[in-house]
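This report looks at how two chains meet, and then at one residue at their boundary. Please view the sequence and the structure first.

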There are 2 protein chains.
Amino acid sequence: MKTSRHTEVIDVAEMLLEAEGLEAVTMRRLGQELGMRAPSLYKHVTGKDDIMTALQIRALQGQAAALAGTSTLSEVATGYRRWALAHPRLYELIARHPLDRARLPPGVEAAAAAPLLGAAGGDIDLARALWGLGHGLVDLELAGRFPPGANIDAAWATAIDAFTACTAVPRSG
Amino acid sequence: MKTSRHTEVIDVAEMLLEAEGLEAVTMRRLGQELGMRAPSLYKHVTGKDDIMTALQIRALQGQAAALAGTSTLSEVATGYRRWALAHPRLYELIARHPLDRARLPPGVEAAAAAPLLGAAGGDIDLARALWGLGHGLVDLELAGRFPPGANIDAAWATAIDAFTACTAVPRSG
DNA sequence: ACCTGAACACCGTTCAAGT
DNA sequence: ACCTGAACACCGTTCAAGT
């Protein structure tokens, strides 16, 4: 039951992020929440970058778990949007915050991307187009870029239709 | 030839943004570049938000100008990507920074969106799907989310093909 | 091994004061 | 009308010092 102090720091950071947003995740605040001063955190964590990378890893794993089991293009798209809207701060963290690939465990990125590639029938270009589409629609929605009252569901439906038509050509396997 | 001090502040902010990135645009640095202390800026500008909004307006106008004259879906998509890659900091400013619609001159957003709507044949849902697609691909590219060596051109081509097939149905007008 | 206070080099912003 | 210095409430991070 002894959770390492490092894990505790990341746990608190995740709670703070989801509850109050990225600007609440400061070293001083984290220390306060853990009963220590900010400089003490550096005994458990190399710096703030370390914390952000750890949260990005959790986010990628959460996204991969949410998409596990989906197969059709429509299922993947719906699951992608659903997870992003359920965890907007974590989504923004993997989408907008610099990603330090060197510190990422191998396979984490691929695991999150696998369902997309599957729905694209193994076509990497189509998978990336699909990723761009899903990310773009989610990002614009989270950023409040669509005018109030915009029918975002309809935009998704139209987009999925267009891409489904594209994958409807017979392919072997 | 007497440019107002307000305009000068925005001009310097734009140069700093494009040359050194968003983190270089600080009130102290802006003052230094203009030969005054940071507090003096508040005589010409209500605050940093004011500066950011002014830059967003310029960015939206620049984007609209870059897309003016495009009509086909392929032209709009190419122009959208070209402008974003030519002005990545300005693009990020309108895509990722909060947009205070109340301070935006009316029509600025619509002008930037018009070419998209035109290429979608007036279908607002398709226009938004197209916007999501273009924004998503550009955003992922600017954020360095595609692996090194990824064929981003091919992803765009695949995406444009899928949407072109969707708009290929005969329509009146 | 773990935590502290003091410090450094930064932020955006306010405000009384000068000219 | 315009600019100033000092201050306030913040940042991430370093480091000598304590236990």
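The sections below cover the model, the interface and one arginine.

## Basis

This is a predicted model, in which local features need pLDDT of at least 70 and side-chain atom pairs count only at pLDDT 80 or more, while totals for chains, interfaces and linings use all residues. Residues are numbered from 1 along each chain as its sequence is written, chains are lettered from A in the order in which they are written, and side-chain values use heavy atoms, without hydrogens and water.

## The interface

Chain A and chain B each bring 36 residues to the contact (heavy atoms within 4.5 Å). About 2800 Å² is buried between chain A and chain B, 62% of it on carbon and sulfur atoms; this is the accessible area (1.4 Å probe) lost on putting the two parts together, summed over both.

On the side of chain A that touches chain B, α5 (88-96), α7 (124-142) and α8 (152-167) each supply at least two residues. The most comes from α7(A), with 12 residues. By type, this side of chain A has 21 nonpolar, 8 polar and 7 charged residues.

There are 0 salt bridges between chain A and chain B (side-chain nitrogen of Lys or Arg within 4 Å of a carboxyl oxygen of Asp or Glu).

## A:R145

A:R145 sits in the loop between α7 and α8 of chain A. A:R145 is buried (under 20% relative accessible area, 1.4 Å probe, protein chains only) and has no salt bridge, the nearest side chain of opposite charge being B:E109 at 5.8 Å.

The A:R145 side chain reaches the backbone oxygen of A:A143 at 3.0 Å. Beyond its neighbours within four places in sequence, A:R145 has contacts that include A:L140, B:H97, B:E109 and B:W131.

Methods:
Helix = DSSP H or I, 4+ residues; strand = E, 2+ residues; numbered from the N terminus. Nonpolar A, V, L, I, M, F, W, Y, C, P; charged D, E, K, R; others polar. Buried < 20%, exposed > 50% of the residue type's maximum accessible area, 1.4 Å probe, protein only. Lys, Arg positive; Asp, Glu negative; His and termini not counted. Polar contact = N/O pair within 3.5 Å; in protein donor to acceptor, adjacent residues only side chain to side chain.
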